[in-house]
Amino acid sequence: MASREALSPAKLRRERVEQRNREKGETFSMVVPPDMFELASDMWEPPEEPERSGRDMRFIDTTGG
């Protein structure tokens, strides 16, 4: 596993998905194939203010910084 500091956000997400696919922990529901991850990752955009308005959205820094 690469150091967290060296990973881009997409690489970090990819690593986490691969780990969940392997470990199949308590909250696991399905394997996310690499091609599906890439499609979803390429389409992801952070929510804009109108989408956040009236919702309890919390953004958590998981980069360790």
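A charge sits over a ring if NZ of Lys or CZ of Arg is within 6 Å of the ring centre and within 35 degrees of the ring normal. Keep that in mind for the first exercise, and remember throughout that the structure above is a predicted model.

**Exercise 1. Rings and charges**

Find where the charged end of Arg13 sits, and state how many aromatic pairs the whole structure holds.

*Solution.*
- Start at Arg13: its charged end sits over the ring of Trp44.
- Check the distance: the charged end is 5.8 Å from the centre of that ring, and the cut-off is 6 Å.
- Then turn to ring against ring: a search of the whole structure finds zero aromatic pairs.

**Exercise 2. The overall build**

Work out the order of the secondary structure elements, and say what share of the chain is buried.

*Solution.*
- Count the elements: the chain has three helices and zero strands.
- Read them from the N terminus: the order is α-α-α.
- Place them in the sequence: H1 covers residues 9-23, H2 covers residues 34-43, and H3 covers residues 49-52.
- Now look at burial: of the 65 residues in the chain, 12% are buried.
- Finish with the surface: the chain exposes about 5800 Å², and carbon and sulfur atoms account for 55% of that accessible area.

**Exercise 3. Asn21 and Lys24**

Decide whether Asn21 is buried or exposed, and do the placing of Lys24 as well.

*Solution.*
- Locate Asn21: this residue belongs to helix H1.
- Judge its cover: the relative accessible area of Asn21 is 15%, so the residue counts as buried, the limit being under 20%.
- List its contacts: leaving out residues up to four places away in sequence, Asn21 touches Phe28, Met30, Val31 and Val32.
- Move on to Lys24: this residue lies in the loop between H1 and H2 and is partly exposed at 47% relative accessibility.
- Look at its backbone: Lys24 is not a glycine, yet its phi is positive, about 45 degrees.
- Put that in context: most residues other than glycine have a negative phi.

**Exercise 4. A nonpolar patch**

Name the residues that make the nonpolar surface patch of about 330 Å².

*Solution.*
- The members are Met36, Leu39 and Met43.
- Take Leu39 as one of them: its place is in helix H2.
- Check its accessibility: Leu39 is partly exposed, with a value of 46%, and patch residues need over 30%.

**Exercise 5. Three salt bridges**

Go through the three salt bridges found in the whole structure, giving the partners and the distance between the closest N and O atoms of each.

*Solution.*
- Begin with Arg14 and Glu38: their closest N and O atoms are 2.7 Å apart. Arg14 lies in helix H1 and Glu38 in helix H2, so this salt bridge ties together parts that are 24 residues apart in sequence. Both partners are partly exposed, Arg14 at 25% and Glu38 at 28%.
- Continue with Arg52 and Glu49: here the closest N and O atoms are 3.0 Å apart. The two residues are three apart in helix H3, which means about one helical turn separates them. Arg52 is partly exposed at 31%, and Glu49 is partly exposed at 47%.
- End with Arg58 and Asp56: the closest N and O atoms of this salt bridge are 2.8 Å apart. Arg58 is exposed, with a relative accessible area of 65%, and Asp56 is exposed at 60%.
- Test each distance against the cut-off: 2.7 Å, 3.0 Å and 2.8 Å are to be set beside the limit of within 4 Å.

Notes: Residues are numbered from 1 along each chain as its sequence is written. This is a predicted model: local features need pLDDT of at least 70, side-chain atom pairs count only at pLDDT 80 or more; totals for chains, interfaces and linings use all residues. Side-chain values use heavy atoms; hydrogens and water are left out. Rings of Phe, Tyr and Trp (its six-membered ring) pair if their centres lie within 6.5 Å; planes under 30 degrees apart count as stacked, over 60 as edge-to-face and the rest as tilted. Helices (H or I, at least four residues) and strands (E, at least two) are DSSP runs, numbered from the N terminus. Buried means under 20% relative accessible area, exposed over 50%, partly exposed in between (1.4 Å probe, protein chains only). Contact means heavy atoms within 4.5 Å. Accessible areas come from the Shrake-Rupley method with a 1.4 Å probe; for residues, only the protein chains shown count as cover. Patches are made of residues with over 30% relative accessible area and no salt bridge: like charges are joined within 9 Å, nonpolar side chains (Val, Leu, Ile, Met, Phe, Trp, Tyr) within 5 Å. A salt bridge is a side-chain nitrogen of Lys or Arg within 4 Å of a carboxyl oxygen of Asp or Glu.
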